[in-house]
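Q: Please take a close look at the enclosed empty space in this model and at what surrounds it. A connected account would suit me better than a list.

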Amino acid sequence: MISITVLSRRSPLIAHRRVGHFGRDIWVLKLRTMWDRAKRSPSPLIERIEVSPAEIQFSKNGKDPRVTSSFASLCRRYSIDELPQLWNVLCGEMSLVGPRPITALELETYYGLDAQHTLAIKPGITGLWQVHGRSRLTYTQRRRLDLLLVRKWSILLYLRILLSTPARVLAGKDAW
């Protein structure tokens, strides 16, 4: 966290507004790995970020100009930036396994009538999307995997995903 603060000159933690279980708004925590070099003002310990529709990029290409350091790239590649979400799990807002938390715009744009199915279980730090392709998948494929996870939910599937995650994360595969 000290490295992030020094490199960005801003708060090391950010919180993004997402739609949680049963449609409740939650603030999902992350380590800051993106910053605009021109915007370097002091901020509180956790900076809340509202993403406008124009800023949402549904297909990631790994060349985001806001990822300005090799340390930030490393954090993103190995999902270190997601570790603060363990706090969201401890607070009961998220689960270790579930569909990734999404914005209201993503829910409306990509999930449509299936939105309520996706929100039937708590969002998770990991899920089928993370262990079956992650950033190389299209948003339509991500949606299908989220819905499959909800429809086929079981303890065995939960454990299978949970046990598959460390190898995928440590390999840094399909992450930007």
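A: In this predicted model, the count of cavities of 30 Å³ or more comes to one. The space inside the largest cavity is about 50 Å³. Its lining is made up of Val19, Gly20, His21, Pro99, Arg100, Pro101, Ile102, Thr118, Leu119, Ile121 and Pro123. By residue class, that lining divides into seven nonpolar, three polar and one charged.

Arg100, one of the lining residues, is worth following outward. Arg100 sits in the loop between strand S4 (95-97) and H4. Its relative accessible area is 12%, so Arg100 is buried, the cut-off being under 20%. Once neighbours within four places in sequence are set aside, Arg100 is in contact with Glu82, Gln85, Met94, Pro123, Gly124, Ile125, Trp129, Gln130, Arg142 and Asp146. Among these contacts, Pro123 is also listed in the cavity lining.

Two other contacts of Arg100, Arg142 and Asp146, lead to a helix pair. Helix H4 (residues 104-111) packs against helix H7 (residues 139-151) at an angle of about 90 degrees, and their axes are 11 Å apart. Because angles of 65 to 115 degrees count as roughly perpendicular, H4 is described that way relative to H7. From H4, the residues Glu106, Tyr110 and Tyr111 meet Tyr139, Arg142, Arg143 and Asp146 of H7. The residues of this contact divide into three nonpolar, no polar and four charged. Arg142 and Asp146 thus appear both in the contact of H7 with H4 and among the contacts of Arg100.

As for the setting, the protein chain has eight helices and five strands. Along the sequence they follow the pattern α-β-β-β-α-α-β-α-α-β-α-α-α. Of the 176 residues in the protein chain, 46% are buried, and Arg100 belongs to that buried group. For contacts with a separation of 6 or more, 73% are between residues 24 or more positions apart.

A residue outside the lining list gives a contrast in accessibility. Ala167 lies in helix H8 (residues 155-171). With a relative accessible area of 54%, Ala167 is exposed, whereas Arg100 is buried. Ala167 and Val131 are 36 residues apart in sequence, and their C-alpha atoms are 9.0 Å apart in space.

Terms used
Residues are numbered from 1 along each chain as its sequence is written. This is a predicted model: local features need pLDDT of at least 70, side-chain atom pairs count only at pLDDT 80 or more; totals for chains, interfaces and linings use all residues. Side-chain values use heavy atoms; hydrogens and water are left out. Axes are lines fitted to C-alpha atoms, for helices over the stretch in contact, and angles run from 0 to 180 degrees between N-to-C directions. Helices (H or I, at least four residues) and strands (E, at least two) are DSSP runs, numbered from the N terminus. Angles under 35 degrees count as roughly parallel, over 145 as roughly antiparallel, 65 to 115 as roughly perpendicular and the rest as oblique. Contact means heavy atoms within 4.5 Å. Ala, Val, Leu, Ile, Met, Phe, Trp, Tyr, Cys and Pro count as nonpolar, Asp, Glu, Lys and Arg as charged, and the others, Gly among them, as polar. On a 1 Å grid over the protein atoms alone, a cavity is a set of points where a 1.4 Å probe fits but cannot get out, and a pocket is an open set with protein on both sides within 12 Å along at least five of seven lines; lining residues have an atom within 4 Å of a point. Grid points are joined across faces, edges and corners, and a volume is the space filled by probe spheres set on the points. Buried means under 20% relative accessible area, exposed over 50%, partly exposed in between (1.4 Å probe, protein chains only).
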